[in-house]
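This report describes one protein model and a ligand that is modelled with it. The reader is invited to follow each section with the structure in view.

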Amino acid sequence: MKLHEYQAREIVAKYGIPVTGGGVASTPAEARKLAEEIGGKVAVKAQVHVGGRGKAGGIKLADTPEAAEQAAQQILGMDIKGLTVEKVMIAEAVTYEKEIYLGVILDRGTKRIMLIASSEGGVEIEEVAKTNPDAIIKIAADPLLGLQPFQAQQLAFAIGLTDGKQARQFASIAMALYKAFIENDAELAEINPLVVLADGSLKALDSKIVLDDSGLFRHKDLAAQRDDSADPAAEIKAREHGLTFIKLDGTIGCMVNGAGLAMATMDVVKLFGGEPANFLDIGGGANAEKVAAALDIILDDPNVKAVMVNIFGGITRCDEVARGIVEAQKIIKRQVPMVVRLVGTNEAEGQRILADASLIPANTLAEAAQKAVEIAQG
Ligand code: GDP
Ligand code: MN
């Protein structure tokens, strides 16, 4: 789950990282009021779940509250990389001498939490990785002991912060960001830019946090901050019904129970020359209502020319799935041929329920995939 900058900023501030003052506004009038409270120059910043807002025109500096109101007027409603801006952050603007990058990520390759820093801040780190990879320094935190203060100091020196006081401040910011990452079950915590002010001290100008969805049950307050507006409608609907759904570009809609079986199903579809339209795991023990919701989501995709249902009944009961399919067929908006392979718990009962529905039965995974591919290719 992605947090907005204004939400991430609140978290990092709580961990003692120095941030610029300000607040969030949904109207130009609110923006003006915040700018008046801050006094002086402010930055008006689009709150959307993408980087590179500056380049896209989503960040404007304003000298007066009137100018802030105007800037907010321009930015609110703006389209940035396909996302509509609904909120702007009004932050005290600062002048700075240098931009630094600091990030904490979960690195799957090394199975470690990595601290990443670069003297080339301000631009996206992926860009630095391409143009100047040597400017990126990485340090792994020990899984048992956590990030050690000496490691944070090493990172400071490695990116050229050699002044003792500055290096100590950087190290304490790095330690704090690491702590925020761990305690909030994040996948990513990033400050870019972390700027060096004229007096040599450091300040976070932009914070980004992505939370691990699987850890959200431990953070009800953070889960409540979810902003779905940027997510595809199908994914929101799937989440509401407890389904794991990822849209793909093919023509064969897949409904499967279990992530492993869902992947195997997609592999077999590909093997027979087809392209899956989605990954969909209805989970273990799915009931009829869930199955109906899943089919509804699949058929919302106009690319889908055939549906392939592959259920291996264990905890999931075939009769429940069959009932869901029958339910769904009553409410679906368009007719698409459906190939169904249903085996396992209560299989016979499931087949009986489906006998009257106009479906194409299949006994094996290969047979089901072959039939679905033939239909999809017309
Ligand atoms: P991003 O492009 O979406 O990552 O947005 P950022 O918040 O990182 O801002 C991009 C750039 O805008 C920064 O690298 C700065 O150059 C500039 N910027 C943002 N806030 C301020 C500010 O308060 N003062 C000044 N002078 N520049 C700012
Ligand atoms: Mn940034």
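Around ligand 1 there are 18 residues, and those that come nearest are Lys45, Arg53, Val94, Tyr96 and Glu99. The model is a predicted one, and every distance reported here was computed from it. Three contacts between the protein and oxygen atoms of ligand 1 are set out below.

| Residue | Protein atom | Distance to an oxygen atom of ligand 1 |
|---|---|---|
| Lys45 | N or O atom in the side chain | 2.7 Å |
| Tyr96 | polar side-chain atom | 2.6 Å |
| Asn192 | backbone N or O atom | 3.0 Å |

Taken on its own, ligand 1 has 570 Å² of accessible area, and the protein covers 82% of this area.

**Overall form**

The protein has 378 residues, and buried residues make up 48% of them. Its secondary structure consists of 13 helices and 18 strands. Along the principal axes, the C-alpha atoms fill a box of roughly 80 × 50 × 35 Å. The area that the protein exposes is about 17,900 Å², of which carbon and sulfur atoms supply 53%.

Three domains divide the protein: domain 1 spans residues 21-92, domain 2 spans 98-223 and domain 3 spans 233-376. Between the C-alpha centres of domain 2 and domain 3 the distance is 43 Å. Considering contacts between residues at least 6 apart in sequence, 67% join residues that are at least 24 apart.

**The nonpolar cores**

Which residues have the most contacts inside the largest nonpolar core? They are Leu102, Phe170 and Ile209, in a core of 43 residues. Helix α6, which runs through residues 164-183, gives the most to this core, with ten residues. Apart from this core lies another, of 33 residues, including Leu243, Val307, Cys318 and Ala322.

Ile209 deserves a closer look. Leaving aside neighbours within four places in sequence, Ile209 is in contact with Met1, Lys2, Leu3, Ala8, Ile11 and Val12, and also with Ala186, Leu188 and Ala189.

**Two buried residues**

Is Gly58 buried or exposed? Gly58 counts as buried because its relative accessibility is 0%, and the cut-off for a buried residue is under 20%. Gly58 is placed in the loop between strands β2 (42-46) and β3 (59-62). When neighbours within four places in sequence are left aside, the contacts of Gly58 are Val44, Lys45, Ala46, Arg53, Ile75, Met78 and Ile80. Two of these contacts, Lys45 and Arg53, are also among the residues that come nearest to ligand 1. In sequence, Gly58 and Asp79 are 21 residues apart, while their C-alpha atoms are 9.0 Å apart in space.

Asn278 belongs to strand β15, which covers residues 278-281. With a relative accessible area of 2%, Asn278 is therefore buried as well. A polar atom of the Asn278 side chain lies 2.9 Å from the backbone oxygen of Cys254. Cys254 also appears in the list of residues in contact with Asn278, which leaves aside neighbours within four places in sequence. The others in that list are Phe245, Ile246, Lys247, Leu248, Ile252, Gly253, Met266 and Ile298.

Note on methods
Residues are numbered from 1 along each chain as its sequence is written. Chains are lettered from A and ligands numbered from 1 in the order in which they are written. This is a predicted model: local features need pLDDT of at least 70, side-chain atom pairs count only at pLDDT 80 or more; totals for chains, interfaces and linings use all residues. Side-chain values use heavy atoms; hydrogens and water are left out. A nonpolar core is a set of buried Ala, Val, Leu, Ile, Met, Phe, Trp, Tyr and Cys residues joined through side-chain atoms within 4.5 Å. Buried means under 20% relative accessible area, exposed over 50%, partly exposed in between (1.4 Å probe, protein chains only). Helices (H or I, at least four residues) and strands (E, at least two) are DSSP runs, numbered from the N terminus. Contact means heavy atoms within 4.5 Å. A residue is near a molecule or strand if one of its heavy atoms lies within 4 Å of it. A polar contact is a pair of N or O atoms within 3.5 Å; within protein, one must be able to donate a hydrogen and the other to accept it, and residues adjacent in sequence count only if both atoms are side-chain atoms. Accessible areas come from the Shrake-Rupley method with a 1.4 Å probe; for residues, only the protein chains shown count as cover. Domain bounds come from an automatic or database domain assignment.
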